[in-house]
Amino acid sequence: KIIHIATHGFFNQQNANMYNHHNKIENSLTRSGLYMAAANNIFFYDTIPEGVEDGVLNSLEISSLNLQGLDMVVLSACETALGEISSDGVFGLQRAFKMAGAKSILMSLWKVDDDATCFLMTEFYRNWMGGKSKQEALNIARNAVRSNERWQNPKYWAAFILLDGIE
């Protein structure tokens, strides 16, 4: 019922036309994604050996998954809520996970601090699993982070937003 992904997210704002897709939605969805374990392959090698995964899970790939019945996706990575804004909404990871069938998504609007995010996620899960709604659990977790004198600045606790977290 829950997928928690703690890795690096990306959204390529520049080079909007760098992909040769004819479909605007596909173009938008290939510009965002998640870097997985094998992503170093695309950064350190000119060519990826045959049969080796590139390590990038882009939003277009995510949108084709069957995630029906998935209650919650938690993306505790940097900038996972970013995407291309159009009159049809935001095209990025959130659109991809919704297209795949996820009910709710917790994601970030900017680069996040590892320690503060770890604390926020721990508090979020403690409260959500303790019976609070997703939104209540997030609000309590944000307040817990903010109460730490090292993390009072909103850059530490305000990055995470909840999409469709209404119970």
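**Surface, sheet, cores and rings of a predicted chain**

Visitor: What share of the area that the chain exposes do carbon and sulfur atoms supply?
Guide: The chain exposes about 9,400 Å², by the Shrake-Rupley method with a 1.4 Å probe and only the protein chains shown as cover for residues. The model is predicted, so local features need pLDDT of at least 70 and side-chain atom pairs pLDDT 80 or more, while totals for chains, interfaces and linings use all residues. Residues are numbered from 1 along each chain as its sequence is written, and side-chain values use heavy atoms, without hydrogens and water. Of the exposed area, carbon and sulfur atoms supply 50%.

Visitor: Of the 167 residues, what percentage count as buried?
Guide: Buried means under 20% relative accessible area, exposed means over 50%, and partly exposed lies in between (1.4 Å probe, protein chains only). By this criterion, the buried part of the 167 residues is 42%.

Visitor: Which strands stand at the edges of the open sheet of three strands?
Guide: The chain has seven helices and nine strands, which are DSSP runs (helices H or I, at least four residues; strands E, at least two) numbered from the N terminus. Three of the strands form an open sheet in the order β2-β3-β4 with antiparallel pairing, where a pair requires at least two DSSP bridges. Each edge strand has a single partner, so one side of it is left without a neighbour in the sheet; these strands are β2 (8-11) and β4 (56-58).

Visitor: Which residue in β4 stands opposite Leu34?
Guide: Strand β3 (residues 32-35) pairs with β4 in the antiparallel sense over three bridges. The residue of β4 that stands opposite Leu34 is Leu57.

Visitor: Is Met99 buried or partly exposed?
Guide: Met99 is found in helix α4 (residues 93-100). Leaving aside neighbours within four places in sequence, Met99 is in contact (heavy atoms within 4.5 Å) with Leu29 and Ser63. Its relative accessible area is 44%, so Met99 is partly exposed.

Visitor: Which element gives the most to the largest nonpolar core?
Guide: A nonpolar core is a set of buried Ala, Val, Leu, Ile, Met, Phe, Trp, Tyr and Cys residues joined through side-chain atoms within 4.5 Å. The largest has 18 residues, of which Met72, Leu106, Leu120, Phe124, Leu138 and Phe160 touch the most other members. Two or more residues come from each of β5 (72-75), α5 (114-129), α6 (134-146) and β9 (160-163). With five residues, the element that gives the most is α5.

Visitor: What angle lies between the planes of Phe119 and Trp151?
Guide: The structure holds five aromatic pairs, counted when ring centres of Phe, Tyr or Trp (its six-membered ring) lie within 6.5 Å; planes under 30 degrees apart are stacked, over 60 edge-to-face and the rest tilted. Phe119 lies in helix α5 and Trp151 in the loop between α6 and α7 (154-157), so this pair ties together parts 32 residues apart in sequence. Phe119 is partly exposed at 31% relative accessibility, whereas Trp151 is buried at 7%. The pair is tilted, with 5.7 Å centre to centre and an angle between the planes of 40°.

Visitor: Which residue is linked with Phe124 and Tyr125 into a cluster by ring pairs?
Guide: The rings of Phe124 and Tyr125 have centres 5.4 Å apart and planes at 65°, so they form an edge-to-face pair. Phe124 is buried, with a relative accessible area of 0%. Ring pairs link these two residues into a cluster with Trp128.
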